[in-house]
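Hi there,

Here is the structure I promised to send over. Have a look at it first, and then read on for what I found.

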Amino acid sequence: MAKLFIKQAEQYAAGRPTYPAKLFEYIASKTPAHDLVWDVGTGTGQAAHSLVAHYTTVIATDTSPKQLDFATKHPNIHYRHTPPTMSIAEVEQTVAPQGSVDLVTVAQALHWFDLPSFYKNVRWVLKKPHGIIAAWCYTLPEVNSAIDAVLRRIYTTNFGPYWEAPRRFIDEEYKTIEFPFESIDEEGTITAFAAEKEMKFEDYLTYLRSWSSYQTAKGLGVELLSNEVIEELKKGWKEDGDMENDIKVAKFPIHLKMGKVGNNN
């Protein structure tokens with residue numbers, strides 16, 4: 001996973017949306033205590049920076065040191081570089097002691113993980129029985145009908161061959177990803193939230209260039225955002241009479257899964 005994001009770390013930090021405050025208020029309302037969070041796959045710290053408003057300490061880990069270089073700093077956020085999989089001993093040394101974490105969060109990253117190994121660590125580190133794991137993804141940005149239609153098409157036809165296989169879990173809105181915890185919501189996946197980002201057209205392109213599929217193709221000498229594709233996207237951007245330098249709000253639907261560790265995990 002780390003290799004996919006090293007090259008575009010700066011674009012990732014600049015191009016990704018901000019998660020809404022209400023998302024973290026909702027998550028925080030489900031944990032009885034608010035002492036310690038482990039934010040896994042923190043990337044450049046988007047979620048960690050919001051979590052620290054609700055929890056005393058956030059341990060934010062990632063397998064990519066380049067991503068961590070661009071992370072938002074805060075005295076109560078402790079960024080740590082980790083290997084892709086960790087033993088229980090490594091979790092205790094790097095993250096926290098057994099049964100000491102109130103909340104484990106994974107933002108837009110769960111699909112990359114070795115899930116059996118990761119879930120073993122989650123069960124070990126969370127407080128029982130009320131410790132919570134919250135994992136979410138967001139799907140394609142919604143700007144206007146014209147550019148959204150173009151993006152949906154090129155997402156499949158242009159970018160599709162260069163996505164890693166786990167990307168399908170995002171396409172399926174995390175409904176099919178393994179999640180062996182006691183659900184706190186009858187629906188299983190909560191869809192009441194959306195991330196937002198104000199963008200000019202060039203910002204929109206920066207976001208697309210932050211995709212791992214774009215970097216994979218680029219490494220193979222393939223430019224997915226050709227002049228022709230950019231012109232087509234630009235035409236969609238201007239559908240409502242705006243110019244490419246005008247600011248639009250892109251909305252990214254969020255799909256959230258939450259579960260308790262319980263006594264039996």
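To start with the overall fold: how many helices and strands does the protein chain have? The secondary structure comes to 12 helices and 8 strands. Please keep in mind that this is a predicted model.

The radius of gyration of the protein chain is 19 Å, close to the 18 Å that the globule rule gives for 265 residues, so the chain is as compact as a globular protein of that length. Along the principal axes, the C-alpha atoms fill a box of roughly 55 × 35 × 35 Å.

Now for the annotation. UniProt, in an unreviewed entry, has "domain: Methyltransferase type" over residues 39-132. Across residues 39-132 the chain is 31% helix and 20% strand, and the C-alpha atoms at the two ends are 12 Å apart.

I then looked at how helix α12 (residues 227-237) packs, and two partners are worth showing you.

One is helix α8 (residues 145-157), whose axis is 7 Å from that of α12, at an angle of about 150°. Because angles over 145 degrees count as roughly antiparallel, α8 is roughly antiparallel to α12. Their crossing is left-handed. On the α8 side, the contact is made by Ala146, Ile147, Val150, Leu151, Arg153 and Ile154, and on the α12 side by Val229, Glu232, Leu233, Gly236 and Trp237. By class, these residues divide into 8 nonpolar, 1 polar and 2 charged.

The other is helix α10 (residues 201-209), whose axis comes within 11 Å of that of α12 and crosses it at roughly 130°. These two helices are therefore oblique to each other, and their crossing is right-handed. Here Phe201, Tyr204, Leu205, Leu208 and Arg209 of α10 meet Ile230, Leu233, Lys234 and Trp237 of α12. This contact has 7 nonpolar, no polar and 2 charged residues. If you are clicking through α12, note that Leu233 and Trp237 appear in the contact with α8 and also in the one with α10.

Finally, two spots in the backbone to look at. Most residues other than glycine have a negative phi, and most peptide bonds are trans. Lys128 and Pro129, however, are joined by a cis peptide bond, with omega about 5°. Pro129 sits in the loop between α7 (115-125) and β5 (132-138). Glu173, which is not a glycine, has a positive phi of about 60°. You will find Glu173 in the loop between α9 (168-171) and β6 (182-183).

Happy browsing, and best wishes!

Definitions and conventions: Residues numbered from 1 in each chain as written. Predicted model: local features only at pLDDT ≥ 70, side-chain atom pairs only at ≥ 80, totals over all residues. Heavy atoms only, no water. Axes fitted to C-alpha atoms, helices over the stretch in contact; angles between N-to-C directions. Helix = DSSP H or I, 4+ residues; strand = E, 2+ residues; numbered from the N terminus. Parallel < 35°, antiparallel > 145°, perpendicular 65-115°, else oblique. Left-handed = near helix turned anticlockwise from the far one by under 90°. Contact = heavy atoms within 4.5 Å. Nonpolar A, V, L, I, M, F, W, Y, C, P; charged D, E, K, R; others polar. UniProt positions renumbered as here; feature names shortened; annotations may be inferred. Rg over C-alpha atoms; globule rule 2.2 N^0.38 Å.
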